[in-house]
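Biologist: Could you take me through this model and tell me what lies behind the words you use for it? I'd like to hear the reasoning for each one.

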Amino acid sequence: MAISLFDMLKIGIGPSSSHTVGPMLAAYRFATGLKAAELLSQVARVEVQLFGSLGATGKGHGTGPAVILGLEGHKPERIDPAIVAPRRKEILDTQRLALLGEHEVPFHERQDLIYHKRKSLPYHPNGMSFTVFDENGHVIREQTYYSVGGGFVVNEDAAGADRIVEDSTSLPYKFKTAADLLRLCREHGMSIAEIMFANEQVWRPQEEIRKGILDIWQVMRECVQNGIRNEGILPGGLKVRRRAAALYQSLKAHDRQDLISPSLSALDWVNLYALAVNEENAAGGRMVTAPTNGAAGIIPAVLHYYVEFCPGADDDGVIRFLLTAAAIGILFKENASISGAEVGCQGEVGSACAMAAAGLTAATGGTPEQIENAAEIGMEHHLGLTCDPIGGLVQVPCIERNAIAAVKAINAAIMASRGNGEHFVSLDKVIRTMRQTGADMLDKYKETSRGGLAVNIIEC
């Protein structure tokens, strides 16, 4: 299997890659499949069933609107977040849905969009099924999909093949483990970023790769700016107040933060960057899945730190950062999981922390060994982290968790850069441990909102 940087770092909308981006894409694929099979005109009714974590927390994660708009032909990377709420309301009011914007059918959300809060499908907790019927009530087509984390979607056949996105592209530098990556770097005298860049060229020319990476960086920057501008209460019912705008004004004024430690004031800005991104994500804004929406603030925050606070930072460094981060993300995707519903938040925030730590180390001139060490440090200290969103919303503790992990990533990069790359526990062993820990973790701690803070908040 081959995974591109542009698979690991997708442009999409909030609040969740597995619960919003993935279901929208699955719905879009199902609808386009109907058209390709010339079945669209025969459809008289469509039914969507959401299972496992999608059923348990889908309402708080925006799964319903995502599925509806996907069926209407919208894709996560292209949709304007501003149209989601009004179009969903229009569909609710009229009880009509336009498949791919072409074929209108009745749609009664309470009847046709079913959340199974306690029922799961095989292979992965984020399962969903789509069924369409003709005017006589006969099934025309049905399909099951799994949203396996980070916006990756597979059908039932691929799910049975270990839930991997099928891409048989032959890469010049194949790697599955961190040990493979380090060996390739030694044998060819290349950096991890150069290995990734060479592999990316099987899909795109060099200039398109560079432009695409810098476009991703631009979306990250815009997301931070939007987070700084927007104020008010986040949607969903918890009445969480957005803090990024006020924090930005406070930092510009150089006031109370200096009471703690002026020498660490850069970390105040890192906190700001992460909070801004994840508040935008929680509000359903446009952002980059990196590698998931729940952990989307970590890489942008650390990348902003690189650009704003590291001497000699430039676009080439940004490209090295994101190429390297993507390589580390691929290791987690292939050997464990980046899905909170599968392995808990260690798979989301932990993976993102490792990716950011590796990226910063690479951008500032670290060796492949130091990069691997930084990623290992970043992941090791997130092992066992549960996914327990209060109210099924990607808000508490998710938003602050990104800020804490971004600071951890910077410290991991600093620690690794002060050494020679030699360390006791390898990244591969930590990734394997993360997968085993996730398998042992009770389901109530894996994005179901049935354990942890999600149920103890009243007592706290």
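Modeller: Happily! Let's start with a cut-off: a residue counts as buried when its relative accessible area is under 20%, and as exposed when that area is over 50%. Please keep in mind that this is a predicted model.

Biologist: Why is Ser 351 called buried?

Modeller: Its relative accessibility is 0%, and the limit for buried is under 20%, so Ser 351 counts as buried. Ser 351 sits in helix α16, residues 349-363. Leaving aside neighbours within four places in sequence, Ser 351 is in contact with Pro 291, Phe 332, Ser 337, Ile 338, Gln 346, Met 379 and Met 434.

Biologist: What makes you say that the buried residues of α8 lie on the same side?

Modeller: In α8, residues 178-188, the buried ones are Ala 178, Leu 181, Leu 182, Leu 184 and Cys 185. They cover an arc of only 160° around the axis, and therefore share one side of the helix. Arg 186 and Glu 187 are exposed on the other side.

Biologist: And what do the buried residues of α8 pack against?

Modeller: Their partners are α9 (192-200), α14, α17 (368-380) and α19 (427-440). After α8 comes Gly 189, with a positive phi near 60°.

Biologist: How do you know that the largest nonpolar core lies between the two domains?

Modeller: That core has 103 residues, and Leu 5, Leu 9, Ile 299 and Leu 322 touch the most other members. Helix α14, residues 315-335, gives the largest share, 12 residues. Domain 1 (5-158) and domain 2 (178-445) both contribute residues, so the core lies between them. As for Leu 5, not counting residues up to four places away in sequence, it touches Met 196, Glu 200, Ile 213, Ile 216, Leu 322, Leu 323 and Ala 326.

Biologist: How many residues are in the second core?

Modeller: That separate core has 29 residues, including Ala 26, Val 46, Leu 50 and Ile 68.

Biologist: Now for the whole protein: how do you know that its radius of gyration agrees with a compact globule?

Modeller: For 460 residues, a compact globule would have a radius near 23 Å; the protein has 22 Å, so the two agree. Of those 460 residues, 58% count as buried. Among contacts between residues at least 6 apart in sequence, 75% join residues at least 24 apart.

Biologist: What does the secondary structure come to?

Modeller: The protein has 20 helices and 9 strands.

Technical notes. Residues numbered from 1 in each chain as written. Predicted model: local features only at pLDDT ≥ 70, side-chain atom pairs only at ≥ 80, totals over all residues. Heavy atoms only, no water. Core = buried A, V, L, I, M, F, W, Y, C linked by side-chain atoms within 4.5 Å. Buried < 20%, exposed > 50% of the residue type's maximum accessible area, 1.4 Å probe, protein only. Helix = DSSP H or I, 4+ residues; strand = E, 2+ residues; numbered from the N terminus. Domains from an automatic or database assignment. Contact = heavy atoms within 4.5 Å. Arc of directions from axis to C-beta. Rg over C-alpha atoms; globule rule 2.2 N^0.38 Å.
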